[in-house]
Amino acid sequence: MSQRILLLGGITEALAIARLLGPQHIYSLAGIGRVPDDLHCQVRVGGFGGAPGLASYLREAGITLLVDATHPYAAQISANAASAARMAGIPCWALRRPAWQAQAGDDWREVDGWAALITQLAPFSRPLFTLGREPLQHLHEIPPTQFWTLRALQACPGNARCEVIGARGPFQLEDERALFTSRGIDVLVSKNSGSLATEPKLEVARGLGVPVLILKRPVLAEVERVFYSGAELAAALGVD
Ligand code: NAP
């Protein structure tokens, strides 16, 4: 039986691999970002309906290998992928991007969820949030002592105590520095995505002596094979 891959994506490395896949393979996106229209492989968009839905899809589409190349904080789909592959009796491979590591001069404080984050944020007045859209649900909770700058993929209205900036990486060091200084940022709030595209903000925070509140990484499911870079995964798939 010839190999048929379902690649779960949504990050840069996944798209790079999808570009190398032929028409018998399928690239899957949740549907919150841009959908590429120039791939040789098939593209499908939207959820499967949990692990059972994904398992049915794997069987019906005749998938022989499931590849989880989703974001390190996309814990739900990674858990679903591992159990759906088991249910369908096929292997699951995963790309697990290494986390960023603190360097000399960094002041990183790991936080375990939103409540802990808000507590740790109390002494600061001008945070920069780079967590995606989640903080948008909390705009009404901003204390009078704080003004938030929130960066997400798409701009949207903020309020009197929050500016929302729409921007998509990769980000350049000079632009990041300008963002910090123009907004008077005194603390950065970030996931530990491990992405090169968003790493410059950490260098700026280090240089300016700005602390970083880092949302703890979720623990992801165990799978048959784990890769730590897109290149390593592409080589194992034989598509590099
Ligand atoms: P999540 O919480 O793990 O997943 C929520 C649900 O979205 C899943 O249960 C699944 O729905 C659906 N889904 C997620 N990824 C999918 C994919 N590649 N193909 C089809 N359905 C998918 O994920 P999330 O954190 O919301 O992230 C959503 C997507 O954005 C992921 O693909 C991820 O790679 C990408 N992304 C996430 C982040 C982040 O910070 N979390 C950053 C950059 C990109 P069903 O249960 O119905 O199947």
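In the predicted model, Phe48 is buried, its relative accessible area being 17%. Phe48 is also among the residues closest to the ligand, a group that further comprises Gly9, Ser28, Ile77 and Lys191. Tyr57, by contrast, is partly exposed, with a relative accessible area of 22%. The assignments of Phe48 and Tyr57 fall on either side of the 20% limit below which a residue is classed as buried.

The surroundings of the ligand were examined next. In total, 21 residues surround the ligand. By class, eleven of the residues in this shell are polar, eight are nonpolar and two are charged. Three polar approaches to ligand oxygen atoms involve Gly9, Gln76 and Lys191. A polar backbone atom of Gly9 is placed 2.9 Å from an oxygen atom of the ligand. For Gln76, a backbone N or O atom lies 2.9 Å from a ligand oxygen atom. Lys191 contributes through its side chain, a polar atom of which is 2.6 Å from an oxygen atom of the ligand. Of the 810 Å² of accessible area that the ligand has on its own, 73% is covered by the protein. Two elements, β2 (26-29) and α3 (75-88), each give two or more residues to the shell. The greatest contribution is that of α3, which supplies four residues.

Helix α3 also contains Met87. With a relative accessibility of 42%, Met87 is classed as partly exposed. Beyond its neighbours within four places in sequence, Met87 is in contact with Ala51, Pro52, Ala55 and Arg59. The C-alpha atom of Met87 lies 42 Å from that of Gln103, although 16 residues separate the two in sequence.

Helix α2 spans residues 50-60, and its buried residues are Ala51, Gly53, Leu54, Ala55 and Leu58. In an α-helix there are 3.6 residues a turn, so residues three or four places apart point the same way. The cover over the buried residues of α2 includes β1 (5-8), β4 (65-68) and α3. Ala51 and Ala55, both buried in α2, are among the residues that Met87 contacts. Just after α2, Gly62 adopts a positive phi of about 65°.

Aromatic side chains form a further set of interactions. Five aromatic pairs were counted in the model. In one of them, the ring centres of Phe48 and Tyr57 are 5.1 Å apart and the planes meet at 65°, so the arrangement is edge-to-face. Phe129 and Trp148 form a tilted pair, with a distance of 4.3 Å from centre to centre and an angle of 40° between the planes. This pair links distant parts of the chain, since Phe129 belongs to strand β7 (residues 127-130) and Trp148 to strand β8 (residues 148-152), 19 residues apart. Both partners are buried: Phe129 has a relative accessible area of 0%, and Trp148 has a relative accessibility of 1%. Ring pairs join Phe129, Trp148 and Trp114 into a cluster.

Glu176 is located in helix α5 (residues 173-183). This charged residue is counted as buried because its relative accessibility is 2%, below the 20% limit. The side chain of Glu176 makes a polar contact of 2.8 Å with the side chain of Arg151. Apart from residues up to four places away in sequence, Glu176 touches Arg151, Phe171, Pro200, Lys201 and Val204.

Two loop positions complete the description. Pro170 is situated in the loop between β9 (162-166) and α5, and the peptide bond leading to it from Gly169 is cis, with omega near 5°. Ala122 occupies the loop between α4 (114-121) and β7. With 51% relative accessibility, Ala122 is classed as exposed, the limit for this class being over 50%. The C-alpha atoms of Ala122 and Glu199 are 25 Å apart, with these positions 77 residues apart along the chain.

Key:
Residues numbered from 1 in each chain as written. Predicted model: local features only at pLDDT ≥ 70, side-chain atom pairs only at ≥ 80, totals over all residues. Heavy atoms only, no water. Near = heavy atom within 4 Å. Polar contact = N/O pair within 3.5 Å; in protein donor to acceptor, adjacent residues only side chain to side chain. Areas by Shrake-Rupley, 256 points an atom, 1.4 Å probe, with all protein chains shown as cover. Buried < 20%, exposed > 50% of the residue type's maximum accessible area, 1.4 Å probe, protein only. Contact = heavy atoms within 4.5 Å. Phe/Tyr/Trp six-rings, centres within 6.5 Å; stacked < 30°, edge-to-face > 60°.
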